[in-house]
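Visitor: I've never looked at this structure before. Could you walk me through it and show me how to read its features?

Guide: Happy to. Let's put it up and start with a single residue.

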Amino acid sequence: MYNLRVSWNIGSHSSSVFVIRAKKWSDAAKYVLSRPMNPNPASARTFNQAEEWLNRCDEAHEGCARDPKWLSPSRLLNVATLTIGEPVRLTETVARYNIPHDYKYAALSYCWGNQGAPWSTVKANIDEYKKGIPLETLPQTIHHAIYVTLSLGLSYLWIDCLCIVQDSIPDKTREIGQMPRVYKGAYVTIAAAVAANPHEGFLHPHTEPELLTDQQIKLPFRGPRKRSRFPGSRDRDRTSSVIITPVKPGHSAHAPHADPIHARAWTFQEFLLSRRTIVYSASQVRFVCRQGQLVDGGRRTAAIATPTPLGAANDKDDPIKWRWDDIVEQYSTRQLGNPEDKLTALAGVAEEFSAYVPDSGAYLAGMWEKNLRPNLLWIPDEKAVRPVCKYRAPSWSWASLDGAVTRFSYEYPDHDHYEAGAVILSATCTPLYEGIPFGPVSSGSLKVRARWQKAYFAFSQQPFHFYRSHSCGTLIKVRFDPSFSDEGYPEKVTCMVIGSTSLHGGRHYFGLVLEYLGASYRRLGVWDFILPDGVPDEETLYPLEEREQWIHRCWQLEMEII
């Protein structure tokens, strides 16, 4: 047990929160795990550290090894030509033109931004790019990625805007369908996390704006005595030092940095599919692989912001129940430049997940057949919106909305006295593109046999709306999805029962709120209530005994939800 007492009286700032760090090779490093920030991500020291991480992973992490069935991407950038004074070339790997059999390549993960990419490969310039790509036409992030690739001793680099023909629908469809193999096959993925667009670059000096670095001090640190190896000689003290830096008032020493890359939807799957990634963040360089995360100085908690690769060592025992739910919750918070890419930008993860969890069943617009019934009860954030675009997903899929979604935690059989209230008869989705079976869909249908009952609007108490059961007056709490129109929400809805559990000595019922369209239904939101509901008999036309008969007064019907 060590006690540290600091009295701070420097400058105009006062702080009660401090960061304590020790240099890597000091005696204090065994007891103080945080290291000083490495200010230069482009230094030889940084690249030596990155190579050390990669070599250690190669030697010790069997789970991070490349699949022997791996196939190369269709195209790569040959950047080694720069070392002999020649331009970067786009190379067709199908023909194995000037590419050795055992080559390694890096892949770039970055933010495209909203300004377009005029340097991209298109049908008009692909032949010229095979002869050479003028470096002056490329943005800074790509320049930095080339520099990192060469500094790691690699000759080839994959970048989507240059290795996919952007104005060819057949080429984009084929290459997007191959996204899992591109990132899984890469020797390493380079993540330009700090750059919000391709022009910013990512090899800039690191900063920690939340710390008062000009007021840091160095204090002596005395650890346990080191026993002498020679008889008769005295044990010596372990004396070194630690660096103490105050945190600015109002700032946190533990909150992870919100790098721009973690707000973009496309980059999410690039992190999950990569076997290992070197992350260039605002304050540090991080290494992420299936066995964990390491940092090159700076805050250890900053690594929390980085998604964990699929197949990680700490995946839970029931991945389809927990891991996919986590994936959806994280992915749904991210933004897309094109709303129609909602399912496309997750297609690679879904394909990999289907191989990782082979008993997950059919993939249905962002959901899995095995756990479809509980997955139907997703709850959108209050800021979620219905996208203005072509058909994207059926109303029962979370992918039909833009915005964060969370899971409804009670709809799992491991809850007390769980009872299912709906039977799924069939569920189908038709892929929009034949080459992307886990991507966008052109239609979706869900057929169920379930109990249901009509309910009529009673009152609102944001974010909820309360409806009364038609048959016995039970008050039902409704949480609506974003409206399909400007007319608001209907006076009458259909409440379909999904299931119920025991809760607080009563019975907790829950399900979907539906709107009848004539031949089918569509989802409007979710509902739930608890019986006994605590409402005095004099405040309703129906006594408690009658309200508790709610479930028995529901009709049973086979219905289609689209």
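Visitor: Where is Ser400 found?

Guide: In a loop: Ser400 is in the one between strand E12 (379-380) and strand E13 (405-406). Keep in mind as we go that this is a predicted model.

Visitor: Is Ser400 buried or exposed?

Guide: The number to look at is the relative accessible area, and under 20% counts as buried. Ser400 has 7%, so it is buried.

Visitor: Which residues does Ser400 touch?

Guide: Leaving out residues up to four places away in sequence, Ser400 touches Trp378, Arg386, Pro387, Arg392, Ala393, Pro394 and Ser395. There's a polar partner too: a polar atom of the Ser400 side chain lies 2.8 Å from the backbone oxygen of Ser397. And if you want to compare sequence with space, try Lys342: it is 58 residues from Ser400 along the chain, and their C-alpha atoms are 8.6 Å apart.

Visitor: Let's step back. How many helices and strands does the protein have?

Guide: Eleven helices and 22 strands. There are 562 residues, and 49% of them count as buried. Among contacts with a separation of 6 or more, 68% are between residues 24 or more positions apart. As for the surface, about 27000 Å² is exposed, with carbon and sulfur atoms supplying 51% of it.

Visitor: With so many strands, how do I read a sheet? In which order do the eight strands of the open sheet come?

Guide: You read across the sheet, from neighbour to neighbour. Here the order is E3-E2-E5-E4-E6-E9-E10-E11, and the pairing is mixed. At the edges are strand E3 (89-92) and strand E11 (292-295), each of which pairs on one side only. From one strand to the next, the twist averages 30 degrees.

Visitor: Does anything pack on that sheet, and which strands does helix H1 touch?

Guide: Helix H1 (residues 44-60) packs on it, touching strand E6 (188-191), strand E9 (276-280), E10 and E11. The direction of H1 makes about 10 degrees with that of E10. Strand E10 (residues 285-289) itself runs antiparallel to E11, joined by four bridges. In that pair, Arg286 stands opposite Val295.

Visitor: And at the other end of the order, which strands does E2 pair with?

Guide: E2 and E3 run antiparallel, with four bridges joining them. E2 also pairs with strand E5 (residues 156-158), again in the antiparallel sense, over two bridges. Asn78 is a handy residue to follow: its bridge partner in E3 is Arg89, and in E5 it stands opposite Tyr156.

Visitor: Which way do the residues of strand E2 point?

Guide: Look at the two faces of the strand. In E2 (residues 75-78), Arg75 and Leu77 point one way, while Leu76 and Asn78 point the other, and all are buried.

Visitor: Why is helix H7 described as largely enclosed?

Guide: Count its buried residues. Helix H7 (residues 265-273) has nine residues and eight of them are buried, so the rest of the structure largely encloses it. Among the buried ones are Phe268, Phe271, Leu272 and Leu273. Their cover includes strand E4 (105-109), helix H6 (179-185), E6, E9, helix H8 (323-331) and helix H9 (347-356).

Visitor: Which strands pair with E19?

Guide: E19 has several partners. Strand E14 (residues 419-420) pairs with it in the antiparallel sense over two bridges, with Ala420 partnered by Gly499. Strand E16 (residues 441-461) is antiparallel to E19 as well, over five bridges, and there Trp452 has Met496 as its partner. Nine bridges join E19 to strand E20 (residues 506-516), also antiparallel; Val497 has Gly511 as its bridge partner in E20. Ten of the twelve residues of E19 (residues 492-503) are buried, so this strand is largely enclosed too.

Visitor: One last feature. How many disulfides does the structure hold?

Guide: Here's the idea: a disulfide is a covalent bond between the sulfur atoms of two cysteines. This structure holds zero. Take Cys64: its closest cysteine sulfur, in Cys57, is 3.7 Å away, which is too far for a bond. Cys64 is also buried, at 2% relative accessible area, and Cys111 counts as buried at 3%.

Methods. Residues are numbered from 1 along each chain as its sequence is written. This is a predicted model: local features need pLDDT of at least 70, side-chain atom pairs count only at pLDDT 80 or more; totals for chains, interfaces and linings use all residues. Side-chain values use heavy atoms; hydrogens and water are left out. Two strands pair if DSSP finds at least two bridges between them. Axes are lines fitted to C-alpha atoms, for helices over the stretch in contact, and angles run from 0 to 180 degrees between N-to-C directions. Contact means heavy atoms within 4.5 Å. Buried means under 20% relative accessible area, exposed over 50%, partly exposed in between (1.4 Å probe, protein chains only). Accessible areas come from the Shrake-Rupley method with a 1.4 Å probe; for residues, only the protein chains shown count as cover. A disulfide is a pair of cysteine sulfur atoms within 2.5 Å. A polar contact is a pair of N or O atoms within 3.5 Å; within protein, one must be able to donate a hydrogen and the other to accept it, and residues adjacent in sequence count only if both atoms are side-chain atoms.
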